[in-house]
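Welcome, and please open the structure in your viewer. We will go from stop to stop, with something to select at each one.

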Amino acid sequence: MRNTKARETAWTGMLFALAIALSYLESLVSPLLGLMPAIKLGLSNVVVMYALLFLRTRTALLLVVLKALFAFLTRGATAGFLSLCGGGLSLVVMLVLLHLPISGYIFCAGAALAHNLGQLAGAAVLLSSAMALGYAPVLLAAGLAVGGISCLLSRTLFAALPASAGEQRQGSPFKK
């Protein structure tokens, strides 16, 4: 029992560190690609997806909360709130999609679109619905593109993981 808790804590810490490093990398790469400030590649969300598919729902939820807390501490209350809204809705959608026979692209695009919609809903609460709706078409199109990138990356990474990484959750669209 104790060994299992220690292992889960270590995995959570390593995945959180990886998510933060990937988030920082995204902030450096996005301007080089000419992307608008709110559009990111979603690399750190692949870490949450890994936690959901290979570990436990609780671990994935903890990563969403930790990422939001980190955004709050480093970029302010608005960033933390938007991170929590986007990550939370994305996690809920991924949990629902696990029960449907879908492709990896639909899974990743659904998660990316939900993340963007969650952030738009959070922005509508903080700012105004009109501002959020004006930005919606851009973020929804970006979600479809980012979903494709996440799918390719996830499929490649998950296939390359050794057997010791653990079994994928039932319903995973990336099963070998």
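Let's begin at a pocket. The lining of the second largest pocket is made up of 13 nonpolar residues, with no polar and no charged ones. Keep in mind as you look around that this is a predicted model.

**Stop 1: the second largest pocket**

Select Leu 18, Val 46, Tyr 50, Leu 157 and Phe 158: of the 13 lining residues, these are the closest to the centre of the pocket. The space here comes to about 200 Å³. Now colour α1 (2-32), α2 and α6 (129-160), each of which supplies at least two residues of this lining.

**Stop 2: α2 against α3**

Stay with α2 (43-54) and add α3 (57-75) to your selection. How do the two helices run relative to each other? Their axes come within 7 Å and cross at roughly 155 degrees. Angles over 145 degrees count as roughly antiparallel, and α2 and α3 are therefore roughly antiparallel to each other.

To see where they touch, show the side chains of Ser 44, Asn 45, Val 47, Val 48, Ala 51 and Leu 52 in α2, which meet Thr 57, Thr 59, Ala 60, Leu 63, Val 64 and Lys 67 in α3. By class, this contact has 7 nonpolar, 4 polar and 1 charged residues.

**Stop 3: the largest cavity**

Next, look for enclosed space. The structure holds 1 cavity of 30 Å³ or more, and the largest cavity has a volume of about 40 Å³. Select its lining: Asn 45, Val 48, Val 64, Lys 67, Gly 87, Ser 90, Met 94 and His 115. Two or more of these residues come from each of α2, α3 and α4. Which helix gives the most? That is α4, with 3 residues. The lining divides into 3 nonpolar, 4 polar and 1 charged residues.

**Stop 4: α4 against α5**

Follow α4 (residues 77-97) to its neighbour α5 (residues 104-126): the axes of these helices come within 7 Å and cross at roughly 145 degrees. The crossing is right-handed. On the α4 side, the residues to select include Phe 81, Leu 82, Gly 86, Gly 87, Leu 89, Ser 90, Val 93 and Met 94; on the α5 side, they include Phe 107, Gly 110, Ala 111, Ala 114, His 115, Leu 117 and Gly 118. This contact has 14 nonpolar, 10 polar and no charged residues.

Before you leave, show Gly 87, Ser 90, Met 94 and His 115 once more: they belong to this contact and also line the largest cavity.

Methods:
Residues are numbered from 1 along each chain as its sequence is written. This is a predicted model: local features need pLDDT of at least 70, side-chain atom pairs count only at pLDDT 80 or more; totals for chains, interfaces and linings use all residues. Side-chain values use heavy atoms; hydrogens and water are left out. Axes are lines fitted to C-alpha atoms, for helices over the stretch in contact, and angles run from 0 to 180 degrees between N-to-C directions. Helices (H or I, at least four residues) and strands (E, at least two) are DSSP runs, numbered from the N terminus. A crossing is left-handed if the near helix is turned anticlockwise from the far one by less than a right angle, and right-handed if clockwise. Contact means heavy atoms within 4.5 Å. Ala, Val, Leu, Ile, Met, Phe, Trp, Tyr, Cys and Pro count as nonpolar, Asp, Glu, Lys and Arg as charged, and the others, Gly among them, as polar. On a 1 Å grid over the protein atoms alone, a cavity is a set of points where a 1.4 Å probe fits but cannot get out, and a pocket is an open set with protein on both sides within 12 Å along at least five of seven lines; lining residues have an atom within 4 Å of a point. Grid points are joined across faces, edges and corners, and a volume is the space filled by probe spheres set on the points. Angles under 35 degrees count as roughly parallel, over 145 as roughly antiparallel, 65 to 115 as roughly perpendicular and the rest as oblique.
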